[in-house]
Amino acid sequence: MQAVFSHEFFESDRILVTGGAGFIGSAVVRYLINATPAAVLNLDSLTYSGSLSNLMDVTSSDRYLFLEADVNDSSVLAQALGDFTPTAIIHLAAESHVDRSIAESDPFVTTNIVGTHGLLKQSLVYWRGLGEGKREKFRFLHVSTDEVYGSLGNDGFFTEETAYAPRSPYSASKAASDHLVMAWVETYGFPAIISNCSNNYGFYQFPEKLIPLTIINGLSGLPLPLYGRGANVRDWLHVEDHVRALMLILRHGQVGRNYNVGGRNERTNLQVVEAICDALEALRPRAGGLYRDLIRFVEDRPGHDHRYAIDPTRMETELGWRAQESFSTGIEKTVKWYHDRADWWEPLRRRYDGRRLGLTSAPSI
Ligand SMILES: NC(=O)c1ccc[n+]([C@@H]2O[C@H](COP(=O)([O-])OP(=O)(O)OC[C@H]3O[C@@H](n4cnc5c(N)ncnc54)[C@H](O)[C@@H]3O)[C@@H](O)[C@H]2O)c1
């Protein structure tokens with residue numbers, strides 16, 4: 001499957017990636033620069049979660065350009081589109097952390113909804129101005145989440161037919177942006193596709209999300225907080241599997257459709273944290289006890305969705321994609337990466353020190 005990807009991008013491919021300094025966006029940019037001949041413009045406003053240190057591998061490439069800009073800045077967007085002349089856009093720029101959305105929802109509305117709307121408007125103008133051959137080939141891939149589908153009980157899976165039922169300010173803002181994207185397809189014939197992905201993990205993830213936070217706290221000998229009883233279930237996907245899925249969707253996905261991307265790797269949060277503890281134990285045994293001894297059950301997230309689980313059949317049967325990384329191999333590699341790369345995460349801990357966010361009793365962060 002690997003060979004298929006690299007042969008399917010050409011020197012003429014020019015990909016505008018929004019949010020390319022974030023966790024998933026930087027994995028997309030690294031893939032496009034290192035494994036394809038495409039040119040990339042990374043448009044990112046460098047919020048707390050965006051970092052150019054995620055892109056050290058690619059900055060020397062003459063096919064890579066960076067523009068520090070906000071997706072809400074319509075004149076900069078118009079100019080960037082006109083100057084770079086993308087053949088495709090992959091839209092990842094977003095506020096992405098549920099706990100932050102609970103504490104302060106405004107940036108989620110501003111970036112995820114208003115920003116996506118602004119980008120769609122400018123992209124439509126640009127697309128309409130393209131010559132005939134280019135207009136047919138152009139694609140806009142909007143990267144969304146499985147959280148738009150709401151919460152599952154102990155059984156069942158989200159399919160592309162599942163009705164949207166978002167329950168947090170984050171997922172509501174992503175659902176709104178998805179609806180805008182589909183409105184652009186239906187109303188203007190704009191060639192957009194949506195991917196809805198489960199929880200990602202891997203290298204370069206900002207240390208506020210469960211997996212990097214747990215690894216870094218463990219390495220630092222700090223408590224490992226688990227919301228509620230750690231019984232909430234997520235379907236984990238290694239970020240590099242996600243990138244491979246996005247490349248296939250961009251190339252072969254059908255305009256106007258959603259594609260659910262999931263790794264068939266359901267775990268409770270407790271299982272995830274225990275797996276991290278065991279990987280840490282193997283790598284650097286803890287003096288004076290076990291890493292598992294650091295686990296602390298803390299007040300649950302307000303409105304915490306019980307379970308997300310993706311049915312990725314469409315990806316598997318129509319696009320030939322399947323997650324390559326199992327959870328156990330992926331988590332071992334990820335733990336080792338954070339263990340080896342304190343030079344990457346230590347400066348980011350100064351931006352966010354790991355304190356609890358998003359309790360409704362604490363109105364602002
Ligand atoms: N992380 C996951 O598990 C996951 C799962 C499914 C979908 N997604 C979606 O994937 C996308 C990327 O997620 P991530 O985990 O990489 O997030 P992230 O927070 O690591 O990165 C977001 C990036 O967007 C940039 N950004 C934020 N606001 C911006 C603005 N107004 N203008 C320009 N740039 C801006 C940030 O600087 C950052 O580089 C998001 O749309 C998210 O909803 C994430």
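Strand 5 (139-145) is the place to start if you want to see what surrounds the ligand in this predicted model. With three residues, strand 5 gives the most to the shell around the ligand. Helix 2 (23-35) and helix 7 (169-188) also each supply at least two residues of that shell.

So how many residues sit around the ligand, and which come nearest? There are 28 around the ligand, and the nearest are Ile24, Asp44, Ser96, Tyr170 and Lys174. Sorted by character, the shell has twelve nonpolar residues, 13 polar ones and three charged ones.

Now look at some oxygen atoms of the ligand. Here are three protein atoms paired with a ligand oxygen:

| Residue | Atom on the protein side | Distance to a ligand oxygen |
|---|---|---|
| Glycine 22 | backbone N or O | 2.9 Å |
| Serine 49 | polar side-chain atom | 2.8 Å |
| Serine 96 | polar side-chain atom | 2.7 Å |

Serine 96 turns up twice, then: it is one of the residues that come nearest to the ligand, and its side chain has a polar atom 2.7 Å from a ligand oxygen. How much of the ligand does the protein cover? On its own, the ligand has 830 Å² of accessible area, and the protein covers 96% of that.

Next, the nonpolar cores. In soluble globular proteins, nonpolar side chains tend to be buried together. The largest nonpolar core here has 38 residues, and the members that touch the most others are Ile15, Val28, Ile90 and Met247. Which elements build this core? Each of these supplies at least two residues: strand 1 (14-18), helix 2, strand 4 (88-91), strand 5, strand 6 (192-197), helix 9 (239-252), strand 11 (258-261) and helix 11 (313-319). You've met two of those names already, as helix 2 and strand 5 each also supply at least two residues of the ligand shell. There is a second, separate core too, with 32 residues, including Tyr48, Tyr204, Ile211 and Cys277.

Finally, let's zoom in on one residue. Histidine 304 is in the loop between strand 13 (295-298) and helix 11. Is histidine 304 buried or exposed? Its relative accessible area is 12%, which is under the 20% cut-off, so histidine 304 counts as buried. And what does histidine 304 touch? Leaving out residues up to four places away in sequence, its contacts are Arg167, Tyr227, Asn232, Arg234 and Asn269. Two of these partners also make side-chain polar contacts with the side chain of histidine 304: asparagine 232 at 3.3 Å and arginine 234 at 3.4 Å.

Conventions
Residues numbered from 1 in each chain as written. Predicted model: local features only at pLDDT ≥ 70, side-chain atom pairs only at ≥ 80, totals over all residues. Heavy atoms only, no water. Near = heavy atom within 4 Å. Polar contact = N/O pair within 3.5 Å; in protein donor to acceptor, adjacent residues only side chain to side chain. Areas by Shrake-Rupley, 256 points an atom, 1.4 Å probe, with all protein chains shown as cover. Helix = DSSP H or I, 4+ residues; strand = E, 2+ residues; numbered from the N terminus. Nonpolar A, V, L, I, M, F, W, Y, C, P; charged D, E, K, R; others polar. Core = buried A, V, L, I, M, F, W, Y, C linked by side-chain atoms within 4.5 Å. Buried < 20%, exposed > 50% of the residue type's maximum accessible area, 1.4 Å probe, protein only. Contact = heavy atoms within 4.5 Å.
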